[in-house]
Amino acid sequence: MRKTSSSVNDGIISSMSIGALFSDFVGKINALDFHRTADLLVTTAEDDSVRLYDIANAKLLKTTHHKKHGADRICFTHHPSSVICSSTRNFDSESLRYLSMYDNRCLRYFKGHKDRVVSLCTSPVDDSFMSGSLDHSVRIWDLRVNACQGILHLRGRPTVAYDQQGLVFAVSMEGGAIKLFDSRSYDKGPFDTFLVGGDMAEIWDIKFSNDGKSMLLTTKSNNIYVLDAYNGEKRCGFSVDASPNTTIEATFMPDGQYVISGSGDGTLNAWSISTGSKVASWDSNIGVASCLKWAPRRVMFAAASKGVLSFWIPKDTNSTATSFER
């Protein structure tokens, strides 16, 4: 019987270790994403590859290459074999692509951004998705049509995220500000703005907890914050070692009780949100993890760095359904 997130405790977290390792990438892994309901993971890398994995069996299912556009940010749509992928080249005209992993076909191009897309997320409830670009804009799209559905012009490097109910989305701006919008009436402007104390560093990543009560931020100054998603109050904060050439990503566990993050010293670290204390630290054995996400339905997380993807599971895999038999 698979352990649920509610049955995870400090002991299980501290027992996490590498259950599967993939090292056939050339260059850095740019991004990864889990499907919300299927046991699938997708990655992009500097070798222009998009790779699809079965996480229940630790098996690479398919690899496609995209030499014309490259492969940078990526996220699943609702369909388990289709993804949204941003480009590393030709982004001024074809910055986003709707790809079918089933038959390696581009279903639609989304044009409009004038610079690289640095943040990408899909709505959990409909066919909407958002992209944030170095052209200082956030664009809202619908998978079913080519035309952009809405544009927000901002200062700084924008990061975007939907909450798990799809009712609210967050956008970061320069100076460490986070603006919250109602997804149904974003054209009316933000309904709230949060600041994280005196930290005015750029925000690299935003994630909402599954219950919508907390928000996880990682910043350019290598700080990690957990905020109350309703009033912006800081619940806890953590600092990790700097990495000159790699941005750090952190991830919530599905129950929202723990945070796991990479660090510039090559370790992975886990903290309890309720106590604010570190409960585990591991040598990743893969270098500095630039991509890190917890699986939505399993007691496992994936960490990626230059050339290596690792799946982490509890050592006592007999007590879970998260075994990785090849």
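Me: Two strands count as paired here if DSSP finds at least two bridges between them. Which strand pairs with β2, and over how many bridges?
Reply: β2 is joined by 5 bridges to strand β3, residues 40–45, and the two run antiparallel. Strands in this naming are DSSP runs of E with at least two residues, numbered from the N terminus. Within this pair, F34 stands opposite L41 of β3. Keep in mind that this is a predicted model, in which local features need pLDDT of at least 70 and side-chain atom pairs count only at pLDDT 80 or more, while totals for chains, interfaces and linings use all residues. Residues are numbered from 1 along each chain as its sequence is written, and side-chain values use heavy atoms, with hydrogens and water left out.

Me: OK, and what sheet does β2 sit in?
Reply: β2 belongs to an open sheet of 4 strands with the order β2-β3-β4-β5, where the pairing is antiparallel. Its edge strands are β2, covering 29–34, and β5, covering 59–65, and each of these pairs on one side only. From one strand to the next, the twist in this sheet averages 20°, with axes being lines fitted to C-alpha atoms and angles running from 0 to 180 degrees between N-to-C directions.

Me: And what holds paired strands together, in general?
Reply: Strands of a sheet pair through backbone hydrogen bonds, and they can do so in the parallel or the antiparallel sense.

Me: Switching topic: what order do the strands take in the open sheet that contains β1?
Reply: That sheet has 4 strands in the order β1-β28-β27-β26, again with antiparallel pairing.

Me: Why is one side of β1 and one side of β26 left without a neighbour?
Reply: β1 (16–22) and β26 (291–294) stand at the edges of the sheet and have a single partner strand each, so in both cases one side has no neighbouring strand in the sheet. On average, and with direction ignored, neighbouring strands of this sheet are turned by 20° against each other.

Me: What does β26 look like on the side that does have a partner?
Reply: β26 is joined there to strand β27, residues 301–305, through 4 bridges, and the two strands run antiparallel. If you want a pair of residues to find on screen, W294 has F301 in β27 as its bridge partner.

Me: Now the middle of the chain. How do β15 and β16 pair?
Reply: Strand β15, residues 168–172, pairs with strand β16, residues 177–182, in the antiparallel sense over 5 bridges. One of the bridges brings A170 together with L180 of β16.

Me: How many residues lie between them, and what is notable in the turn?
Reply: β15 and β16 make a hairpin with 4 residues between them, and G175 in the turn has a positive phi of about 80°.

Me: Which other strand does β16 pair with?
Reply: β16 also pairs with strand β17, residues 192–195, in the antiparallel sense and over 4 bridges. Here L180 comes up again, as it stands opposite D192 in β17, while in the hairpin L180 is the bridge partner of A170.

Me: Last topic, confidence. What is the average pLDDT of the chain?
Reply: The protein chain averages a pLDDT of 89, and 94% of the residues score at least 70, where pLDDT is the predictor's confidence in each residue on a scale from 0 to 100.

Me: Where does pLDDT drop under 50?
Reply: One such stretch is residues 1–5, where pLDDT stays under 50 and the model has 15 contacts beyond four places in sequence, a contact being heavy atoms within 4.5 Å. Residues 318–326 also have pLDDT below 50, and that stretch has 29 contacts in the model beyond near neighbours in sequence.

Me: How should low pLDDT be treated?
Reply: Where pLDDT is low, the predicted coordinates should not be read in detail.
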